[in-house]
Amino acid sequence: MIMASASTFCPNGTLHRYTSTSLSTRGCPAFASDSTLFGLKLPHKSFSLSVGETRIIRTKSTRFSGFNPISASHQAFDVVIIGAGIIGLTLARQFLIESHLSVAVVDKCVPCSGATGAGQGYIWMAHKTPGSDIWDLAMRSRKLWEMLAESIREKGLDPLVELGWKKTGSLLVGRTPAELDVLKKRVKQLREAGLKAEYLCSSDLVEEEPSLLVDKESGAAFFPDDCQLDAHHTVAFIEKANRYFASKGRYAEFYHEPVKCFIRGRNGEVEAVQTLKNTLYGKAIVVAAGCWTGSLIHDLGIELHVPVRPRKGHLLVLENFDSLQLNHGLMEAGYINHQTINSPPTLSSSEQSDHERTLSVSMTATLDASGNLLLGSSREFVGFNTELDESIVNYIWDRAGDFFPKLKRLNLSDLSGSRKVRVGLRPYMPDGKPVIGPVPGLSNVYLAAGHEGGGLSLALGTAEMVTDMVLGRHGIIDNSPFALQGRCS
Ligand SMILES: Cc1cc2nc3c(=O)[nH]c(=O)nc-3n(C[C@H](O)[C@H](O)[C@H](O)COP(=O)(O)OP(=O)(O)OC[C@H]3O[C@@H](n4cnc5c(N)ncnc54)[C@H](O)[C@@H]3O)c2cc1C
């Protein structure tokens, strides 16, 4: 029997190892014993850094061309991660539990200020396609989320409380014969790929989801094992777990510190990350700055075009919403195309403005761990603008009303007391998959960005992949589809 091991850390201070027979064939040590496990030639530093120890080397005022820090302290880490979204934080977690390396996370703001804070939280396979480049990463990542939830349970904690974790299953709802055909094929395809999947005809669907508008043309693909989490709960859990390692001198956070430039060594290698207040030396540097990754790389003077773009999304949250019974997570069948740029806008007016032509709204509905109804979501390309657009909130509400007749009877303006809107910029890559890997010509700088609408789902798999790359380990899944070569020029 092939066993693989993994470890997880719970914020109550215990490190938990668990095994699984359903993982890959890799025998993965819970800890890398020393820095030689980097497995690659890291640039030699003029300072000595003992692995597992975070040391402030000295504090002094420094000047760098084009940028004048007020007072910069120099600190040294094994790994410096730029970006404290779900990708950066889970990466930090993975390094902390899988090695003895010291880790710094630096963010221009705070963790949920990027796309992560707007995330709906579904960890679904329903809309992913077997055989696609993303499939193995998504499967692996979902497995890792399940293992994390299980390990929390084994510690006597409740994953619902810690992560907002719920195994609700997901329903992909179709309402035309063409959509039902697609859903039947999808059920077959996902079953063949080893997932639990079932096609529900209209009478079965109405039993599963009584609040849904179902007629004889309706049907759904049902994936009972699909799960969801709460992005804010999960980020808080991971932050708390990471901070445990601060007391061991292995972890530090630098929030509200935009990265301004890279400090290069004589051989041109990147040695440190410069913020307004700090110079953070790192043997390995990971850029996980979401939709800002491309512009940041440019600003840092690296000659590389990373075609990641911000794709704005609105999510409507109705707090403590009990007017609608929701047994599963729901998504309209059209969402499958909604993620790709070539899908036509779903707004049907012949008088569409340019803005509307880039806008699409697809119904997603979930009930989170606190009983809030989350209705999604919009996608549009409007640069880095994060202003709330009431017209889009109304589109989302109207679209949800098309599926849930009870909502049609309510007036959104009457719900203003319990209404919140989350707005975030998804890191969109034109070819629909993230960039994960070393920057050509800079062997110690890695990118992990471009997860668009799937960053929460894909985070743990991405973190494992990057950690394996940095530690020079053979990865569990093939990382070549995510390499920068041929995708970033
Ligand atoms: C409405 C909506 C719903 C979504 N729903 C889901 C869902 O249900 N499931 C799912 O899997 N995904 C979902 N997503 C997508 C998911 O939220 C993203 O893919 C994910 O959050 C991306 O994470 P990230 O860490 O790459 O980026 P971010 O969360 O954007 O983090 C990037 C960080 O980099 C920092 N940064 C940028 N520039 C600098 C700099 N110069 N110096 C320092 N720091 C910097 C930013 O401050 C930010 O904190 C949704 C997204 C939206 C908008």
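Hi everyone. One bit of vocabulary before we start: Ala, Val, Leu, Ile, Met, Phe, Trp, Tyr, Cys and Pro count as nonpolar, Asp, Glu, Lys and Arg as charged, and the others, Gly among them, as polar. Keep in mind, too, that what you see above is a predicted model.

Let's begin with the ligand. It is surrounded by 42 residues, and the closest are Gly85, Gly114, Gly290, Gly313 and Gly455. Sorted by our vocabulary, the shell around the ligand has 19 nonpolar, 19 polar and four charged residues.

Where does that shell come from? At least two residues each are supplied by helix H1 (86-98), strands E15 (309-318), E18 (373-379) and E19 (419-428), and helix H12 (455-471). And why do we say that the ligand lies between two domains? Because domain 1 (4-120 + 232-307 + 433-482) and domain 2 (155-221 + 309-428) both give residues to the shell.

Now please turn to the sheet. Eight strands form an open sheet with mixed pairing, in the order E8-E9-E7-E16-E17-E18-E15-E19. At its edges stand strand E8 (198-200) and E19; each has a single partner strand, so one side of each is left without a neighbour in the sheet. From one strand to the next, the twist averages 20°.

Let's zoom in on one pair. Strands E7 (residues 170-174) and E9 (residues 219-223) run antiparallel and are joined by five bridges. Within this pair, leucine 172 stands opposite alanine 221 in E9. Helix H4 (residues 177-192) packs on the sheet here, touching E7, E8 and E9, and the direction of H4 makes about 20° with that of E9.

Thanks for listening, everyone!

Note on methods:
Residues numbered from 1 in each chain as written. Predicted model: local features only at pLDDT ≥ 70, side-chain atom pairs only at ≥ 80, totals over all residues. Near = placed C-beta within 6 Å. Helix = DSSP H or I, 4+ residues; strand = E, 2+ residues; numbered from the N terminus. Domains from an automatic or database assignment. Pairing = 2+ DSSP bridges. Axes fitted to C-alpha atoms, helices over the stretch in contact; angles between N-to-C directions. Contact = placed C-beta atoms within 7 Å.
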